[in-house]
Amino acid sequence: MLEKFTKALERILMPITNYMNNNKYVLAIRDSFTIMMPIVIIGSFALLFNILIFSPTGLAQFKGFEWLVNYSSIMSTVVTAGINCMSLWIVFLMGYSLAGKDNPAKLLHALVATVSFLVVSDQENLLANLGATSLFLAFIVSITSSLIFSKLSTIKKIKIKLPDSVPPMVSQSFNSLIPAWITVTLFGIFAGTLFGTTGLYINTLIYNVIQVPFNQIVGSQLGVSIIVVLSQLLWWMGIHGHMAMNVIAKPVRAAALAANIAAVAAGIVPKEFYTLAYVHLFTNLGGSGIVISLALSILAFSNKSEYKDITKVSMIPLICGISEPLVFGLPIMLNPIFLIPFVLVPLITANIGYYAITSGFLTAAYVESVAGMPLGLQQILAFSGQWQALLMIVIVIAVGFILYTPFVILSNKTNSQGYIN
């Protein structure tokens, strides 16, 4: 029965996973967000510092610290550059990635994509449309400009030839001049025609028709629950489920974080629950599958010395949210005993988190969570010092402990492969 189940999962999930791991456009999106992560963290922490230290309601309200208000604009500028220009940096990074590792004109590919993106954006509110609301436009422009520019660059007749004495960098720029000009001009003609006939810019159409529905579906309670289940099933099969699902989830989480930051900056309570901080607290606390709860249950109830030894070695990584030593060392992977709780626990805690945030008990995060930080410190920073976040850590671990324990007791009767003796 288990073998049939595993093969069925492979038939369903492996093609999807292979596609995501081999499609260059999907990889470009994933890699661009990964590179962008430090900038997002800097921007979100700048907002936190601005609120806690430099604003009139923070440290600056106290006598002797009033001068700190003068530096508030610096933090606001960091937020603007790091968060509110997110799509601009993504389109550049994707253009660079799509050019290919060995392409000497990678930077030019990135610049052409960036200029094309700016050409088709809303010229009347340009700065306001460089953030997360234009992420899907960034994806489309990066991919399209890369295809057009790459194709034109192969046509020798439109290349400008310079003498061999000219430095390679200068020669390369002139060789690409006409392909770059045609690419940018095509985007300009498209944007001008669209605006001239409809009075709309393409970023408005894409945001309303594609991005908003996509974010609402993926970032809904049901959408997040499906992502959690698929991620855990992939982990159980030996595939890094979190990374595999990030192609779909990262843009949605980035948009949610940007929306929360904008809300806080406007003095409004942030409402978007599906952020990386939510993931680190409610679905990946102590490692994917909330396996820190499994580790504690093993230490308390397992009579297998090898389980306890592996768990003890894995505890420090688990405290920092790294689950691989336990998942592959125990193993949880392809272990029939732990399949059900490994999927069920994060699914339940994810929904606990959803209700905790949407009910107002825990305010949605507007600070990007930093992966690898110790449990507790990570959540208290990401949720801006809310004591509720610490309480939720206890609740999530306790729920996981209760749900994992019957299976740990059952595993006492199994062999090393997880089958009952």
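**Figure 1. Trp 235 and its aromatic partner.** In this predicted model, Trp 235 is buried, with a relative accessible area of 2%. Phe 136 and Phe 139, shown for comparison in Figure 2, are also buried. The rings of Trp 235 and Phe 328 form a tilted pair, with centres 6.1 Å apart and planes at 45°. Trp 235 belongs to helix α10 (residues 221–236) and Phe 328 to helix α15 (residues 324–329), so the pair ties together parts that are 93 residues apart in sequence. Phe 328 is partly exposed, at 38% relative accessibility.

**Figure 2. An aromatic pair within helix α6.** The model contains 16 aromatic pairs. One of them, between Phe 136 and Phe 139, is tilted, at 5.5 Å from centre to centre and 50° between the planes. The two residues are three apart in helix α6 (residues 135–153), which means that about one helical turn separates Phe 136 from Phe 139. Both Phe 136 and Phe 139 are buried.

**Figure 3. The aromatic cluster and a charge over a ring.** One aromatic cluster is formed by Phe 273, Tyr 274, Tyr 278, Phe 282, Tyr 354 and Tyr 355. A separate view shows Lys 304, which lies over the face of Tyr 307 at 4.9 Å from the ring centre.

**Figure 4. The largest nonpolar core.** This core has 57 residues, of which Tyr 274, Tyr 278 and Leu 294 touch the most other members. Two or more residues are contributed by each of α10, α11 (241–265), α12 (276–282), α13 (291–301), α14 (305–319), α15, α16 (336–358) and α18 (387–411). Helix α16 supplies the largest share, nine residues. A second, separate core of 48 residues includes Val 40, Leu 88, Phe 117 and Tyr 366. In soluble globular proteins, nonpolar side chains tend to be buried together.

**Figure 5. Surroundings of Tyr 278.** Beyond its neighbours within four places in sequence, Tyr 278 is in contact with Val 224, Phe 273, Thr 283, Ala 350, Asn 351, Gly 353, Tyr 354, Ile 357 and Phe 383. Among these contacts, Phe 273 and Tyr 354 are also members of the aromatic cluster that includes Tyr 278.

**Figure 6. Helix α5 and the helices packed against it.** Helix α5 (residues 106–120) has 15 residues and reaches 22 Å from its first C-alpha to its last, close to the 21 Å expected at 1.5 Å a residue. Its buried residues are Lys 106, His 109, Ala 110, Val 112, Ala 113, Thr 114, Ser 116, Phe 117 and Val 120. These buried residues pack against α4 (86–98), α6, α8 (177–198) and α9 (202–218). Phe 117 is also one of the residues of the second nonpolar core.

**Figure 7. Leu 403 in helix α18.** Leu 403 is found in helix α18 and is partly exposed, at 25% relative accessibility. Not counting residues up to four places away in sequence, Leu 403 touches Pro 341, Val 345 and Ile 348. Ser 297 is 106 residues from Leu 403 in sequence, while the C-alpha atoms of the two residues are 9.5 Å apart in space.

**Figure 8. The salt bridge between Arg 30 and Asp 31.** The structure holds one salt bridge. In this salt bridge, Asp 31 is joined to Arg 30, and the closest N and O atoms are 3.3 Å apart. Asp 31 is partly exposed, with a relative accessible area of 30%. Side chains of opposite charge can pair when their charged atoms come close.

**Figure 9. Backbone features in three loops.** Most residues other than glycine have a negative phi, and most peptide bonds are trans. The peptide bond from Leu 330 to Pro 331 is cis, with omega near -10°, and Pro 331 lies in the loop between α15 and α16. Ile 290 has a positive phi, near 50°, and is found in the loop between α12 and α13. At 0% relative accessibility, Ile 290 is buried. Ser 384 also has a positive phi, near 55°, and its place is in the loop between α17 (377–382) and α18. Ser 384 is partly exposed, at 21% relative accessibility, a value that does not meet the cut-off for buried residues because that class requires under 20%.

Definitions and conventions. Residues are numbered from 1 along each chain as its sequence is written. This is a predicted model: local features need pLDDT of at least 70, side-chain atom pairs count only at pLDDT 80 or more; totals for chains, interfaces and linings use all residues. Side-chain values use heavy atoms; hydrogens and water are left out. A salt bridge is a side-chain nitrogen of Lys or Arg within 4 Å of a carboxyl oxygen of Asp or Glu. Buried means under 20% relative accessible area, exposed over 50%, partly exposed in between (1.4 Å probe, protein chains only). Rings of Phe, Tyr and Trp (its six-membered ring) pair if their centres lie within 6.5 Å; planes under 30 degrees apart count as stacked, over 60 as edge-to-face and the rest as tilted. Helices (H or I, at least four residues) and strands (E, at least two) are DSSP runs, numbered from the N terminus. A charge sits over a ring if NZ of Lys or CZ of Arg is within 6 Å of the ring centre and within 35 degrees of the ring normal. A nonpolar core is a set of buried Ala, Val, Leu, Ile, Met, Phe, Trp, Tyr and Cys residues joined through side-chain atoms within 4.5 Å. Contact means heavy atoms within 4.5 Å. The expected span of a helix is 1.5 Å times one less than its number of residues.
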